[in-house]
Amino acid sequence: MQRTQILLLPEFQALSSLLFLLAFCACDTHTTYRSSVPSYPVNIRINTYEGTYVHFKPEYPYTYMIVDKDGYHFNGQIMPRKETDRFGYAGVVVYIDGFGTYSAYDMACPHCVKQDEPVEVDGMLATCPLCGEEYDLGTGYATPQKGISDEALRRYYLIVSNGVITIRN
């Protein structure tokens with residue numbers, strides 16, 4: 001039986017090596033992310049075409065909503081939550097950043113990790129009442145600003161479809 005040997009030109013060898021390396025090293029940051037904040041279930045749906053939520057849209061940047069054990073906090077009102085809602089470890093802040101993009105974060109400071117002491121949101125900053133760390137929500141990354149914490153707030157998976165925001169982990 002005769003063996004066939006495949007010969008590749010040097011350009012194709014370099015390209016195939018590069019493609020192999022990219023495929024081998026590619027990783028999903030959503031599944032490899034580690035946080036000091038414990039993983040608690042998150043299941044939130046916000047319909048931006050209903051009731052008080054009609055003003056929770058990208059054309060209103062630097063706007064936020066808090067979802068916690070007491071309900072949905074938005075524009076000075078608290079709307080009741082559903083039995084199926086899950087709101088993470090210390091509550092969830094859903095934020096519209098300066099680019100009009102929605103983001104969702106757990107409200108537990110990753111430095112202090114206290115379930116009963118959530119960060120306090122004011123404008124573009126979320127501030128831990130215990131250690132004083134400030135997290136910049138305006139950029140869409142919730143990164144620490146003072147250097148007290150070395151992690152950003154725990155971020156949750158969010159998708160927007162036909163005006164309905166779904167947040168899960």
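**Exercise 1. Find out whether Asn-162 is buried or exposed in this predicted model, and what is notable about its backbone.**

Solution. Start with the accessible area: Asn-162 has a relative accessibility of 71%. The cut-off for exposed is over 50%, so Asn-162 counts as exposed. Next, place the residue in the fold: Asn-162 sits in the loop between E12 and E13. Finally, look at the backbone. Asn-162 is not a glycine, yet its phi is positive, at about 50 degrees. Most residues other than glycine have a negative phi.

**Exercise 2. Which class of accessibility does Val-113 fall into, and where does Val-113 lie?**

Solution. Begin with the backbone again: Val-113, also not a glycine, has a positive phi of about 50 degrees. Then locate the residue, which is in the loop between strand E7 (102-106) and strand E8 (120-122). Now use the accessibility. Val-113 is at 24%, and partly exposed covers the range between under 20% and over 50%, so Val-113 counts as partly exposed.

**Exercise 3. Stay in the loop between E7 and E8 and describe the surroundings of Gln-115.**

Solution. First, the accessibility: with a relative accessible area of 39%, Gln-115 is partly exposed. Second, the contacts: setting aside residues up to four places away in sequence, Gln-115 touches Tyr-40, Tyr-89 and Ala-90. Third, compare sequence with space. Gln-115 and Pro-38 are 77 residues apart in sequence, while their C-alpha atoms are 9.6 Å apart.

**Exercise 4. Work out which residues surround Tyr-156, and decide whether Tyr-156 is buried or exposed.**

Solution. Tyr-156 belongs to the loop between strand E11 (143-144) and strand E12 (157-161). Its relative accessible area is 4%, so Tyr-156 is buried. To see what is around Tyr-156, leave out residues up to four places away in sequence. Its contacts then include Val-42, Gly-88, Tyr-89 and Val-92. Ala-104, Tyr-105 and Asp-106 are also among them, as are Ile-167, Arg-168 and Asn-169. For one of these, Asn-169, you can add a distance: its C-alpha is 5.7 Å from that of Tyr-156, with their positions 13 residues apart in sequence.

**Exercise 5. Describe two strand residues, Thr-166 and Asp-68, by strand, burial and contacts.**

Solution. Take Thr-166 to begin with. Thr-166 is part of strand E13 (residues 164-168), and at 10% relative accessibility it counts as buried. Beyond its neighbours within four places in sequence, Thr-166 contacts Ile-44, Arg-45, Tyr-157, Leu-158 and Ile-159.

Now turn to Asp-68, in strand E2 (residues 63-68). Its relative accessibility is 17%, so Asp-68 counts as buried. With residues up to four places away left out, Asp-68 touches His-73, Arg-81, Phe-87 and Gly-91. As a distance to check in your viewer, the C-alpha atoms of Asp-68 and Arg-86 are separated by 8.3 Å, and the two residues are 18 apart along the chain.

**Exercise 6. What are the burial and the contacts of Lys-57?**

Solution. Lys-57 is located in the loop between E1 and E2. Its relative accessibility is 16%. The cut-off for buried is under 20%, so Lys-57 counts as buried. Its contacts, leaving aside neighbours within four places in sequence, are Thr-48, Tyr-49, Ile-96 and Tyr-102. Thr-101 is 44 residues away along the chain, and its C-alpha is 9.1 Å from that of Lys-57.

**Exercise 7. How many residues line the second largest pocket, and which lie nearest its centre?**

Solution. Start with the volume: the second largest pocket holds about 190 Å³ of space. Then list the lining, which comes to 13 residues, with Arg-45, Asn-47, Glu-50, Tyr-53 and Lys-82 nearest the centre. Sorted by class, the lining has six nonpolar, three polar and four charged residues. Last, ask which element contributes most: strand E1 (residues 42-47) does, with three residues.

**Exercise 8. Which stretch of the model calls for caution?**

Solution. Begin with the overall score: pLDDT averages 87, and 80% of the residues score at least 70. Then look along the chain. Over residues 18-31, pLDDT stays under 50, and the model has one contact beyond four places in sequence for this stretch. Where pLDDT is low, the predicted coordinates should not be read in detail. For the wider picture, the protein has two helices and 13 strands, and 37% of its 169 residues count as buried.

Notes
Residues are numbered from 1 along each chain as its sequence is written. This is a predicted model: local features need pLDDT of at least 70, side-chain atom pairs count only at pLDDT 80 or more; totals for chains, interfaces and linings use all residues. Side-chain values use heavy atoms; hydrogens and water are left out. On a 1 Å grid over the protein atoms alone, a cavity is a set of points where a 1.4 Å probe fits but cannot get out, and a pocket is an open set with protein on both sides within 12 Å along at least five of seven lines; lining residues have an atom within 4 Å of a point. Grid points are joined across faces, edges and corners, and a volume is the space filled by probe spheres set on the points. Helices (H or I, at least four residues) and strands (E, at least two) are DSSP runs, numbered from the N terminus. Ala, Val, Leu, Ile, Met, Phe, Trp, Tyr, Cys and Pro count as nonpolar, Asp, Glu, Lys and Arg as charged, and the others, Gly among them, as polar. pLDDT is the predictor's confidence in each residue, from 0 to 100. Contact means heavy atoms within 4.5 Å. Buried means under 20% relative accessible area, exposed over 50%, partly exposed in between (1.4 Å probe, protein chains only).
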